[in-house]
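Visitor: Could you take me on a close look at the ligand site of this protein? I would like to hear what surrounds the ligand and how the sheet is arranged.

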Amino acid sequence: MSIHTIPNNYQPSQNLLQGKNILITGAGDGIGRCAALSFAAHGASVILLGKTEEKLASVYDEIESNGWPQPALIPLDLNTSDYNQYLTVKKAVEEHIGCLHGLLHNAGILGQRTTIADSKPEDWLKVMQVNINSVFLLTKALLPALSHDEKSSIVMTSSGVGRKGRAYWGAYSVSKFATEGLMQVLADEMSLTNIRVNCINPGATRTRMRAQAYPAENPLDLPTPEQLMTTYLYLMGGDSHAENGKTFDAQ
Ligand code: NAP
């Protein structure tokens, strides 16, 4: 698997995402929150999807108070929702927003850090549901809502342990391998369309999930989500229209 980085010295223009409608999962916290704010600051109308409504509302308020394009908010638990709820999301997008130009699959959970032998079956299934099954379900539901006239971008979130397995990373690692696989299969299927599909590995980043995985680490030693945004902007904006089926490192 070759791993890519964005072009050297790439600088997104301030209006890179003007007129684009972009849905972000896990938009209430961590990297997803930062991506939503950054996309909005670059002109996108963002649709904030996530589990905790208060967190989404706080991102919504921040976007409004900055005078960026009007956002929308969709509370949805990716662990417990069935496919009909994903179809309801698609209907709401089409009725209230029209079409999508971008979809960032960012939501994720860590699950247990333990051996395969000690993994609890219910934990395994939950990690798979949130980290990969929901990515399939939401992508399938939203494909008809993605613009085929203008170029659209689907970005999935990977991890270093989704490229090389590591002890004690269990379901999380396997779900990220599956994410890379889903990206490759879909990208190949989309290769003759205006829809491109790529993965981002954020790398070690100062968020709640990282602190959960490495409680002894000093978070101040890690890059913030803000420091990764150039890669996220590149993959969402038109400058990456020729990229398809690739996996990128944000660091
Ligand atoms: P985070 O701070 O824990 O944020 C995760 C986001 O996912 C939150 O907004 C959370 O919403 C949402 N989420 C979790 N379960 C959900 C569910 N059942 N339904 C809907 N939304 C749900 O994590 P992060 O570090 O920003 O991670 C973002 C992505 O980057 C993940 O895919 C992660 O695997 C990947 N990643 C992170 C790192 C890192 O070092 N941070 C490294 C490699 C890859 P609530 O807050 O409402 O629960």
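Guide: Here is a walk around the ligand, followed by a look at the sheet. Please keep in mind that this is a predicted model.

Let's begin with the space itself: the ligand occupies the largest pocket. Around the ligand there are 31 residues, and the ones that come nearest are Thr-52, Lys-55, Asn-106, Tyr-172 and Thr-207. Sorted by class, this shell is made of 14 polar, ten nonpolar and seven charged residues. Three helices each supply at least two residues of the shell, namely H1 (30-41), H5 (170-189) and H6 (208-213). Of these, H6 gives the most, with three residues.

Next, the polar contacts, where both backbone and side chain take part. On the backbone side, a polar atom of Gly-26 is 3.1 Å from an oxygen atom of the ligand, and a polar backbone atom of Asp-29 is 3.4 Å from a ligand oxygen atom. Asp-77 uses its side chain instead: an N or O atom there is 2.9 Å from a nitrogen atom of the ligand. On its own, the ligand has 890 Å² of accessible area, and the protein covers 96% of that.

Now step over to the sheet, which is open and built from eight strands with parallel pairing. Reading across, the order is S1-S8-S7-S6-S5-S2-S3-S4. Strand S1 (3-4) and strand S4 (72-75) stand at the edges with a single partner strand each, so one side of each has no neighbour in the sheet. Further in, strand S5 (residues 102-105) and strand S6 (residues 152-157) run parallel and are joined by four bridges. If you would like a spot to zoom in on, find Leu-103, which stands opposite Ile-154 in S6.

Technical notes
Residues are numbered from 1 along each chain as its sequence is written. This is a predicted model: local features need pLDDT of at least 70, side-chain atom pairs count only at pLDDT 80 or more; totals for chains, interfaces and linings use all residues. Side-chain values use heavy atoms; hydrogens and water are left out. A residue is near a molecule or strand if one of its heavy atoms lies within 4 Å of it. A polar contact is a pair of N or O atoms within 3.5 Å; within protein, one must be able to donate a hydrogen and the other to accept it, and residues adjacent in sequence count only if both atoms are side-chain atoms. Accessible areas come from the Shrake-Rupley method with a 1.4 Å probe; for residues, only the protein chains shown count as cover. On a 1 Å grid over the protein atoms alone, a cavity is a set of points where a 1.4 Å probe fits but cannot get out, and a pocket is an open set with protein on both sides within 12 Å along at least five of seven lines; lining residues have an atom within 4 Å of a point. A molecule sits in a cavity or pocket if more than half of its atoms lie within 2 Å of its grid points. Ala, Val, Leu, Ile, Met, Phe, Trp, Tyr, Cys and Pro count as nonpolar, Asp, Glu, Lys and Arg as charged, and the others, Gly among them, as polar. Two strands pair if DSSP finds at least two bridges between them.
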